[in-house]
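Trainee: I'd like to go through this model with you and check the wording as we go. Can you show me the structure before we start?

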Amino acid sequence: MKTRFTLINSGLYPETLPPCFVSTDAQRAFRGIVGHLDDTRFSNRKTHFTRYSGTKHDGSRRFFGTPNVISYFHVSSFIWRNWQKFQSTFDSSNFSIGAPNVLDSDERAIKVPSLSELSKHSSTKLGYAPFILKVDISQCFPSIYTHSISWAVHGIEQSKKQTDEKSDENYFNALDFFTRNCQQGNSRGVLIGPDAFRLIVELVLSSLDRQLEETIGDKIVGAVRHVDDYYIGLRSEHEAQSVLSTTREILATYELYLNDHKTKIYPSVEPINDIWAQRLRKLARGLHTHSAISDIEFSIDEALDVARAVSSDSPVKILLRSFDERKIYDSNHWDFVDKNLQRIVQHFPHAIDYVCLLLAKRVAMGGDIDARSWQSVATVLIQKNLGLNHEHEVLWMAWLLIVCKLPFTPEISEALAKSRNGHVRALLAQAYIDGTVRQKPKLGLGQALSTTDADWLLSLVARSQGFSKAKFSGLYAQEFEHLASRRIKLIDFNDHLDKIRIKNKPAISRRRYGYDDDDSDYSYQQYVRELADADEDSY
């Protein structure tokens with residue numbers, strides 16, 4: 001890991017947020033207070049995080065969180081200083097195929113291998129095993145016990161003998177302490193979204209992998225783990241039952257438990273990847289910018305039919321990724337695609353981000369969209385989802401209005417201002433600063449801007465960008481004053497558009513939105529070359 005800011009510059013926010021939420025400016029803004037922060041790192045300053053209600057493919061919801069940037073600085077710094085220990089712990093697992101890789105990218109700090117990697121590794125690692133035990137850890141991130149961070153490195157017995165966060169012997173106690181400070185002192189669970197916590201969860205599970213192998217290694221033919229899902233190859237159903245029981249016991253020592261609905265024993269000839277997903281991907285390969293309307297229509301109908309059959313939004317996301325890969329946003333039949341996207345976005349909330357990214361790409365490339373209809377769709381979805389506290393849908397539709405230069409009416413602004421969510425209110429404040437919103441929204445900031453509650457992001461955006469002149473209050477007032485004085489940029493509507501104007505730059509980032517670009521005709525290296533060419537042309 002190159003610097004202590006690697007996990008801050010491109011790993012602070014949940015990847016599911018619109019790309020206007022950026023933190024690449026953090027390293028510059030922190031300059032001048034790093035030494036002070038190091039000296040005060042063990043101060044007991046607990047902070048709230050900014051919660052974010054996201055979607056899941058099956059219609060359920062998941063809470064993400066953006067931690068206070070100062071609290072997260074200490075987590076990031078610890079991981080940077082102790083990266084070799086993280087790496088060696090990852091390498092010690094013979095099961096994991098999902099160990100995060102650190103990226104030199106401003107889109108995401110780390111990359112977790114996608115689920116598609118599973119089938120590539122499983123056939124080799126599971127060998128001849130006639131039966132597979134699939135084990136799913138229930139609510140893995142929300143269930144991780146922060147004290148188990150130290151257990152994973154120092155062992156449970158040694159860790160419990162010395163629990164002080166300043167311990168030289170059990171030095172990972174410090175990471176436990178820093179993690180709890182990011183979440184109001186809570187020791188149960190870690191935040192979903194920020195890249196540092198992905199690394200922490202992988203550290204804990206890699207340690208569990210070693211314990212499992214030491215205990216049941218003689219019984220298994222082979223095993224793979226992708227994040228919190230285990231696939232264990234065994235010689236018989238009886239041995240599978242025995243291994244399942246042992247696995248439960250070992251996980252329980254870390255206070256983790258199985259999801260019984262997703263845990264099962266099945267013959268190894270059953271495919272790991274869903275057949276419908278493979279069929280949809282194969283169908284999508286036949287699409288291109290000059291495809292006939294009938295071919296595009298068939299692809300859409302097939303994806304929607306499968307989505308209904310499996311009760312999941314995932315088939316629609318596969319369809320939209322194929323639209324991106326085949327550059328359908330540049331198609332002669334865009335009007336037909338546009339109308340379908342307007343209907344899709346209202347019924348498949350988990351696909352709303354991909355739809356918005358495709359539209360933004362078309363606009364960035366100079367194409368037109370049905371502005372009046374999209375403004376109506378966005379208004380309906382914003383009003384509907386504000387009442388449900390569904391921030392994912394609200395934020396993406398508001399972002400779409402802004403980047404596609406669609407009418408941002410006073411009614412929408414007033415509705416967004418009534419939200420209590422820090423992400424929504426910070427986005428609205430930045431939109432006013434940039435001139436997208438003409439009338440200053442009433443955000444009720446008052447005379448003191450909190451630095452430790454769930455509105456920390458709004459406070460920092462408002463003060464650093466000139467929306468409010470109120471003073472900071474709370475435990476991090478001094479640090480926030482420094483960041484604001486350096487005009488730290490935490491929301492930027494133009495950065496993403498500037499990048500996707502390059503013709504072959506994908507609309508849906510393979511690095512940011514969680515799937516590999518191995519099958520794409522476009523390479524990141526090609527993007528870098530084109531970006532350099534574009535920079536030269538601009539002078």
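Mentor: Let's begin with hairpins, which need paired strands: two strands pair if DSSP finds at least two bridges between them. Strands are DSSP runs of E, at least two residues long, and helices are runs of H or I, at least four residues long, both numbered from the N terminus. Bear in mind that this is a predicted model, where local features need pLDDT of at least 70 and side-chain atom pairs count only at pLDDT 80 or more, while totals for chains, interfaces and linings use all residues. Residues are numbered from 1 along each chain as its sequence is written, and side-chain values use heavy atoms, with hydrogens and water left out.

Trainee: What makes S6 and S7 a pair?

Mentor: Count the bridges: six join S6 to strand S7 (residues 229-234), and the two run antiparallel. The cut-off is at least two, so they qualify as a pair. Within that pairing, Gly222 has Gly233 in S7 as its bridge partner, and His226 stands opposite Asp229. The hairpin has two residues between the strands, and Val227 there has a positive phi near 55°.

Trainee: Which other residues have a positive phi without being glycine?

Mentor: Gln139 is one, at about 45°, in the loop between S5 and helix H7 (140-143). Arg487 is another, with phi near 50°, and its place is the loop between helix H23 (477-485) and helix H24 (493-500).

Trainee: Why are S6 and S8 called edge strands?

Mentor: Each of them pairs on one side only. The open sheet has four strands in the order S6-S7-S5-S8, with antiparallel pairing. On average, neighbouring strands are turned by 20° against each other, direction ignored.

Trainee: What lies across that sheet?

Mentor: H11 lies across S6 and S7, at about 170° to S6. Helix H12 (residues 237-253) lies across S5, S6, S7 and S8, at about 20° to S5. For such angles, axes are lines fitted to C-alpha atoms, for helices over the stretch in contact, and the angles run from 0 to 180 degrees between N-to-C directions.

Trainee: How do you know whether S6 is mostly covered or open?

Mentor: Check accessibility: buried means under 20% relative accessible area, exposed over 50%, and partly exposed in between, with a 1.4 Å probe and protein chains only. Six of the seven residues of S6 (220-226) are buried, and the strand is mostly covered.

Trainee: Then why is Ser143 put in its class, and Ser119 in its own?

Mentor: Ser143 has a relative accessible area of 17%, which is under 20%, so it is buried. Ser119 has 31%, which falls between 20% and 50%, so it counts as partly exposed. Ser143 is found in helix H7, while Ser119 lies in helix H6 (residues 116-125).

Trainee: What does Ser143 touch beyond its sequence neighbours?

Mentor: Contact means heavy atoms within 4.5 Å. Leaving aside neighbours within four places in sequence, Ser143 contacts Ser138, Arg188, Gly189, Glu255 and Leu256. Its C-alpha is also 9.5 Å from that of Tyr254, 111 residues away in sequence.

Trainee: Why is H10 called largely enclosed?

Mentor: Nine of the nine residues of H10 (residues 173-181) are buried, so the rest of the structure largely encloses this helix. Those buried residues, among them Phe177 and Arg180, pack against helix H4 (69-81), helix H5 (83-91), helix H8 (148-154) and helix H11 (195-216).

Trainee: And how do you know how H19 and H21 are oriented to each other?

Mentor: Helix H19 (residues 391-403) and helix H21 (residues 422-434) pack at about 10°, with axes 10 Å apart. Angles under 35 degrees count as roughly parallel, over 145 as roughly antiparallel, 65 to 115 as roughly perpendicular and the rest as oblique. That 10° is under 35, so the two helices are roughly parallel. In that contact, Glu391, Val394, Leu395, Ala398 and Ile402 of H19 meet His423, Val424, Leu427 and Ala431 of H21.

Trainee: Last one: what makes the chain as compact as a globular protein of its length?

Mentor: The chain has 25 helices and ten strands. Its radius of gyration is 24 Å, close to the 24 Å that the globule rule gives for 539 residues, so the description fits. That radius is taken over C-alpha atoms, and the rule is 2.2 Å times the number of residues to the power 0.38. Buried residues make up 57% of the 539.
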